[in-house]
Amino acid sequence: MSELTTQPAAPAEAPSALPAAVTAGITANGAAGHAARRGSGLRKGIVAIVALVLLFALPFVSNTYVVFVVSLTLVYAVSTLGFNLLVGWSGQIGLAHAALFAVGAYGSSVAVAAGVPFLVTIPLAGIAAALLAVVIGFPAIRLRGFFLAIATLALGMAIVELLNFAAPITGGGGGMNVQVFALPGINDAASTYFIVLTVAAIMFFLVRRALVGRFGRTLQAVRDLGQLSGSLGVSALRYRLVAFALSGFVAAVAGTLYAQLQTFIFPAMFQMNLLVPMLVMVFVGGAGSLWGPLIGAAFAIVLIEFFQDLGDAQAIAYGIVLMVVIALLPGGLTSLFRTLGSSRFAQRLYRRRASTEETS
Amino acid sequence: MLQTLVSGLESGSWFALLGLAIVVVMKAADVPNFAMADIGLVATYVGISLAGAGVPFWLAVVTTLVTGILLGVVIDVALMRRLAKYGHFPLLLMTIGLSLALTALTGLVWGHDPRSFRAPWTGAAIEVGGGVAIGVSQIVSIVVGLLGAVAISAFFTTPVGAQMRAVAENRATARLVGVNAGRLSAIAWGVGGLIAAVTVMLQAQSALVSTLTPASLIIYGFVAATMGGFTSLFGTFAGGLVLGIIQQLVGTYISTAAQFSVALLVVFLVLVLRPDGFTKGMRLRDV
């Protein structure tokens, strides 16, 4: 907050009928906002880089279980990033995400088995899934809301069923082993972790670049205006399909990492039992937020790991926690911080600090 | 062939009834209820337990129906209504969470073994000639399904039903002219719970039900509702029956593994080709 006082606030010159102190307060508040906005980009960047460096050190200071859980969290965070782009930013409840995730996992694993280097399969699986996502999203031309949800749900389930039928390639319901790619010189868990972390960082960076700015705002405009956005010269249809393609790409990239992490995949992994946690992650992270996916993924993973040994009670606990969260925080867990931030108590704190700094 | 058709009509009646339950709630409360089959399962298990404890059959049936109604109303009042103003996504998730919790709760209380609701006529069959026998419970399913559809259609012609149609048509205007939308959504959930209880009970008196039943049943219910465009009662009912017959034909002549995929394909085709349901334009009796 030290840079706040250095802001050139010029309340005295303002030709205003208001008492000087009030004007000073208003200007100070405004200046605080500007300063926060100007400084926040840099500050956030530094925080992100520091966090990234700390995360890179993780395998050297903890056991393989922790490394695995953090890797899984990152994979889910990437997948949620794509899901959030579709559900939150473009406002389309497309429920084929688990299937696209599966396409990434199977696409990469099958390609690796056929001799393609793993790192090459990541973008390849992503592009394949993006094309498939456009096909799945095509009903979006005519369908809205719940109808789109049900159509995409059906298509997604059909894709997972297809994996069962394509037994010669995918091993059918019995599943298939994944050849794990390892960087030379380190053990498998750490190697997979480094790849997951790197890819996750790249995906977060790319999606952030895409969403902060013109494209993200247009997506939101299409979400809120629908066909009316045509009067702004924006093709709602094209943006909806692009959202599907991007989210499919991100989902498949996460899927390729997931296969590497699990080392064994089978179709039943990608049914409703995956889609539901994915929905939870989007919801908890807050639909339409950028860093929410990380929070959502961490929440879901902690929940899953925490309730792991409860058997039947696990599903109950899972359902009940989900219901309680929705009932208490209909805007997701991240809305809690926003609610707290805009609460009267926090507002008073901000105001007092701003005015004391101005008067001292 | 006849046996296949009857089996198709039987399971088709279950799908049709559940589809109707989904449509009723969807119209009045604007929620696609993924927990509908679970509500029916809990109610049915209550009935099965009572019947197992020596309670007369019809009393157990009535208790099952009342449980279904109560569950529906309680869920609406306690959970769903406050979320309505936050849009579609929390509502959708809430029903999914509810479905998870209810299924797991059922498993915890009653176990995961398949159960059946023994009716006085269970096991009896009627010879129809040519060595083909039709189970009485199959006939019960079909007849009750038909009666249920007629009853729901009749319900929508009563004053309450007319108000529900008004809310479905335009919520804000309906409220302006004095329709109590909250009361109506509770009624819709109650009716939905009732139909769901009937559906699962019908399945339990003819076949076995377990905690795995709701997951597949709800998908088929949604397929039926989709075929009716989520509005048409007739379309939903006919869609459910057609789906049941397709299922049985696929199961008999292709493979039982393909049944589910075919159902999914049907949804997709209907939504792409006729997003308003395949009876749209016929306008027989829309809700």
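Which helix of chain B gives the most to the nonpolar patch? I shall begin there, noting first that the model before us is predicted. The answer is helix α5 of chain B, residues 136–155, which supplies three residues to the patch.

The patch itself lies on the surface and covers about 490 Å². Its members are B:L2, B:I126, B:V128, B:I139, B:V143 and B:L147. Let us take one of them, B:I139, which lies in helix α5 of chain B. Is B:I139 buried, partly exposed or exposed? Its relative accessibility is 33%, and therefore B:I139 counts as partly exposed.

From the surface I turn to the interior. The largest nonpolar core has 185 residues. Within this core, the residues with the most contacts are A:I265 and A:F270. Which residues does A:F270 touch, once its neighbours within four places in sequence are left aside? The partners are A:A98, A:F101, A:A102, A:A105, A:Y106, A:V160, A:Y258 and A:I265. A:I265 thus appears twice in this account: as a partner of A:F270, and beside A:F270 among the residues with the most contacts inside the core.

Next, the contact between the two chains. Chain A contributes 33 residues to the contact, and chain B contributes 41 residues. Together the chains bury about 3,400 Å² between them, and 86% of this area is on carbon and sulfur atoms. How many salt bridges are there between chain A and chain B? The count is zero.

That brings me to charged pairs in general. Side chains of opposite charge can pair when their charged atoms come close. Over all chains, a search of the whole structure finds two salt bridges.

In chain A, A:R223 forms a salt bridge with A:D224, and the closest N and O atoms are 3.0 Å apart. How accessible are these partners? A:R223 counts as partly exposed because its relative accessibility is 31%. A:D224 has a relative accessible area of 54%, so A:D224 is exposed.

In chain B, the side chains of B:D76 and B:R81 meet in a salt bridge, at 2.9 Å from N to O. Is B:D76 buried or exposed? B:D76 counts as buried because its relative accessibility is 2%. Its partner B:R81 is partly exposed, with a relative accessible area of 34%.

To close, I would recall two points for those new to this structure. The contact between chain A and chain B has zero salt bridges, and 86% of the area buried there is on carbon and sulfur atoms. Thank you.

Terms used
Residues numbered from 1 in each chain as written. Chains lettered and ligands numbered in written order. Predicted model: local features only at pLDDT ≥ 70, side-chain atom pairs only at ≥ 80, totals over all residues. Heavy atoms only, no water. Core = buried A, V, L, I, M, F, W, Y, C linked by side-chain atoms within 4.5 Å. Buried < 20%, exposed > 50% of the residue type's maximum accessible area, 1.4 Å probe, protein only. Contact = heavy atoms within 4.5 Å. Patch = residues over 30% accessible without salt bridge, like charges linked within 9 Å, V, L, I, M, F, W, Y side chains within 5 Å. Areas by Shrake-Rupley, 256 points an atom, 1.4 Å probe, with all protein chains shown as cover. Salt bridge = Lys/Arg side-chain N within 4 Å of Asp/Glu carboxyl O. Helix = DSSP H or I, 4+ residues; strand = E, 2+ residues; numbered from the N terminus. Buried area = accessible area lost by both parts, 1.4 Å probe.
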